[in-house]
Each structure stands twice: as C-alpha cells, then as structure tokens.
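Colleague: I would like to learn how to read salt bridges and helix faces in a model. Can we go through some cases one by one?

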Amino acid sequence: MTEKPWWRPEVLGPRLPMLRRRAAVVAAVRHFFAARGFDEVETPALQVAPGMEPHLRAFATDLAEPFGAERRRLYLHTSPEFAMKKLLAGGLERIFQVARVFRNGERSDVHHPEFSMLEWYRAGASYRDIMDDCEALVRAAAEAAGSRQMVWGGRVCDPARPWRRLTVAEAFAEYAGIDLPACLQGDPRDPDPAPLAAAAARLDIATDAADRFEDVFFRILLDRIEPHLGVGAPAVLYDYPVSMAALARPKPEDGRWAERFEVYACGVELANGFGELTDAIEQRRRFEADMALKRRLYGECWPVDEDFIAAVGAMPPAAGVALGLDRLVMLLLAAGDIEAVLWAPVSAMVRN
C-alpha cells in the first residue's frame, strides 16, 4: 500500500464524482428539513462537556480569554446535543444541524475522528415520530444520491422497502434465543449481569467476571444481532434497557425500558434517537453515575454542564435523533470505507 497527499490531482480527481454525489445528498438533507419548517441552527463545537458517554474519548483544549484572564479547559463536542437541547428549552420547536463532531481514538472503515453528524429535534413529538422522519429522510437522500440500494460488507439494503421495527427484546429472542426481560434482574438502572452472562455462555460468547450488564449486552448484540439488522430493508431497533439510555426517558408503562431507538442498514448503525429525558434530577444522577464509571475504567471524567442540567428541566416534551451523515453517504454510494466519501481526511495522506 502506498500513500499520497489527498489533494494531489491524481488522487482527488477520481474521487470527485463520489464527492459531488455526497454534496447532492447534503443539499437534499437541507431541503428536506426546510420543507418541513425546521430551523437550521449552528452551535459551538467548544463546550464545557463534550458529551457524557463513558466509553468515548474527547479532544481537550484551553480557551485563552483576552487581557490575561485565566485559561479555561473546554472540549470539542462529540455531538451538538447539549447546545441544541438548550435551544429547545429556549422555545424553538423544530431544529436541525449538520455539525462537525470529534471523537478521539476512533478510526476504522466506519469511524473517523472528525465527522459530520446530522441531528434534529422536535418539541411535542414522540420517538415514533422521529422514526418516521428517519424513513423519509433516508429515502430522500437515496433519491439525491441516485441510489436504489445501500451496500456494505456483502449485505444489501433497499431503503424504499418497508422498514422493519422490532424491540430490543424481540431481537434478542429472534437472533440469540435469549429472553431479555427475564435477564433484567435487580435494579433496572444497574441490572445484575449474571443472568445475561449465563445466557451468553450458552451461546459460547465469552464474558468476564468484571463485566457489567452493559458489557455482556453489547457482546451479544455485536456477535449475534447486529449482522442481521437492516439486511434487505433498514431496521429500527427500539426500547433499550433503561440502564443503557442516559438521555432518554423511561417508558411510562414499563420503567425497565427507555424510549431509545437505533437505525440499522446492512448491519451498520446509522442513527441513535430518543424520547428525550426532561427530568433534571434524574439527568444529573445518570451523568454522575456515568462519570464515576468513566473514572473507574479510564482514570478520567468530564465536568457536568450545569447549564445543560438547568435546560433539561426547562425543556418541553420532545424527541430527537443523531444520524451519521458520512456513514449514510458511504452506504448509499457503496463506498469501501468512510474516508472514500470525505472531502479531506484528518490525516495528510489517503490510502491508495
């Protein structure tokens, strides 16, 4: 394998047709939301807290104010979610953003350390309304890309076909033969991992004595379930255990589950959405628990954005979703990896 600068004409030129189709998709996204009365917003990439996911790594920097003021530690956001929810609390009702977001330590065929996140929120909407939005948006993007199918890893997915919606519990039963509700024992916010680990062992999926419920859950999801999701037609996986939905509200009829969903195509996760949590006290409790876990696992934690906690308590009922725009384009254009659909990679070279 050789590497050349990405801007060399012999490297950039052959990529231009695909990149121009990417531009057509981005234009179609903006038209999609404008036609539905959304405000396009722009929020700062520099934030007090980059996000609060325990397993993500962030880029930190120091903000130097003029006139000798003390420097402040800030972070490049991993999602524009916190700032956008503050806009909801401020009275906006339909908002979207195409944001550059940053996640350190992530680079693979489907990951890049800086990427484009499409995020939108609707006050007064349910998470099922946002699922409907996702279907309509992906079909509009496919039309703009001139693509009738999505392709990845030998799998094919037609976004025009009826999308499948199944609960997490249904997926565990169908693809892994596991009765997930029966495995949710103990405190729903921190379930006992032993019953699920026993189910994993029956499938010859290795676990560790130190694994939490979340760890075992993801081992099973990645090994037995994700490869089947979004094959033939996109799939929506919804109603996650409440312990795995830090920003989603619990289901009113059964607090073991949360109003969280993910969209899959060709076995690749495209979007992560919620019926949004609006309980500031519960939000603080979840953040503090996540940061305690982050410190235990990685020896670091991020500050809680107190302004965001205040905004959560002032938010109207709402739902929203974050969709990986680069991944969507990658699948629609049957690209070999995510860098193939980026105008320029973070590194100075591209693989050739």
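Colleague: With which residue does Lys 85 form a salt bridge, and how far apart are the closest N and O atoms?

Modeller: Keep in mind that this is a predicted model. For a salt bridge, one looks for a side-chain nitrogen of Lys or Arg within 4 Å of a carboxyl oxygen of Asp or Glu. Here Lys 85 pairs with Glu 276, and the closest N and O atoms are 2.5 Å apart.

Colleague: Which parts of the chain does that pair tie together?

Modeller: Lys 85 sits in helix H2, while Glu 276 belongs to the loop between strand E14 (268–275) and H8, so the bridge ties together parts that are 191 residues apart in sequence.

Colleague: Are Lys 85 and Glu 276 buried or exposed?

Modeller: The label depends on relative accessible area, with buried meaning under 20%. Lys 85 has 1% relative accessibility and counts as buried. Glu 276, at 2%, is buried as well.

Colleague: How does the salt bridge of Arg 8 read by the same steps?

Modeller: Arg 8 is bridged to Glu 10, with 2.8 Å between the closest N and O atoms. Arg 8 is partly exposed, at a relative accessible area of 32%. Glu 10 is also partly exposed, at 38%.

Colleague: And which of the two labels goes with Asp 211, and which with Arg 219, buried or partly exposed?

Modeller: Their side chains meet in a salt bridge of 3.1 Å, N to O. Asp 211 counts as buried, with 11% relative accessibility, whereas Arg 219 is partly exposed at 35%.

Colleague: How many salt bridges does the structure hold, and which residues are linked in a network?

Modeller: The structure holds 28 salt bridges. Asp 132, Glu 135, Arg 139 and Arg 165 are linked in a network of them.

Colleague: Now the opposite case. What is the nearest side chain of opposite charge to Arg 327, which is buried yet has no salt bridge?

Modeller: The salt-bridge test is a distance cut-off of 4 Å, so a pair beyond that distance is not counted. For Arg 327, the nearest side chain of opposite charge is Glu 269, 4.1 Å away. Arg 327 is found in helix H10 (residues 325–332). Its contacts, not counting residues up to four places away in sequence, are Val 110, His 111, Val 268, Glu 269, Leu 270 and Ile 338.

Colleague: What does Arg 15 touch?

Modeller: Arg 15, in helix H1 (residues 9–35), is another buried residue that has no salt bridge. The nearest side chain of opposite charge is that of Glu 339, at 7.2 Å. Leaving out residues up to four places away in sequence, Arg 15 touches Glu 339, Ala 340, Val 341, Leu 342 and Trp 343.

Colleague: On to helices. How many residues does H8 have, and how far does it reach?

Modeller: One can set the span of a helix beside the span expected at 1.5 Å a residue. H8 (residues 280–298) has 19 residues and reaches 26 Å from its first C-alpha to its last, close to the expected 27 Å.

Colleague: Which residues of H8 are buried?

Modeller: They are Glu 282, Gln 283, Arg 286, Phe 287, Asp 290, Met 291, Leu 293 and Lys 294. Seen down the axis of H8, these residues fall within an arc of 165°, so they line one face of the helix. The face turned away from that buried side carries the exposed residues Ile 281 and Arg 296.

Colleague: Against what do the buried residues of H8 pack?

Modeller: They pack against helix H2 (81–89), helix H7 (213–225), strand E12 (250–251) and helix H9 (306–314).

Colleague: What is found at the ends of H8?

Modeller: At the N-terminal end, Asp 279 acts as a cap, with a side-chain oxygen 3.1 Å from the backbone nitrogen of Ile 281. Just after H8, Gly 299 takes a positive phi of about 75°.

Colleague: How does H9 read, taken through the same steps?

Modeller: Phe 308, Ile 309, Ala 311 and Val 312 are buried in H9. They cover an arc of only 160° around the axis, which puts them on the same side of H9. The buried residues of H9 pack against H2 and H8. Asp 305 caps the N-terminal end of H9, where a side-chain oxygen lies 3.0 Å from the backbone nitrogen of Asp 307.

Notes. Residues numbered from 1 in each chain as written. Predicted model: local features only at pLDDT ≥ 70, side-chain atom pairs only at ≥ 80, totals over all residues. Heavy atoms only, no water. Helix = DSSP H or I, 4+ residues; strand = E, 2+ residues; numbered from the N terminus. Buried < 20%, exposed > 50% of the residue type's maximum accessible area, 1.4 Å probe, protein only. Arc of directions from axis to C-beta. Contact = heavy atoms within 4.5 Å. Polar contact = N/O pair within 3.5 Å; in protein donor to acceptor, adjacent residues only side chain to side chain. Lys, Arg positive; Asp, Glu negative; His and termini not counted.
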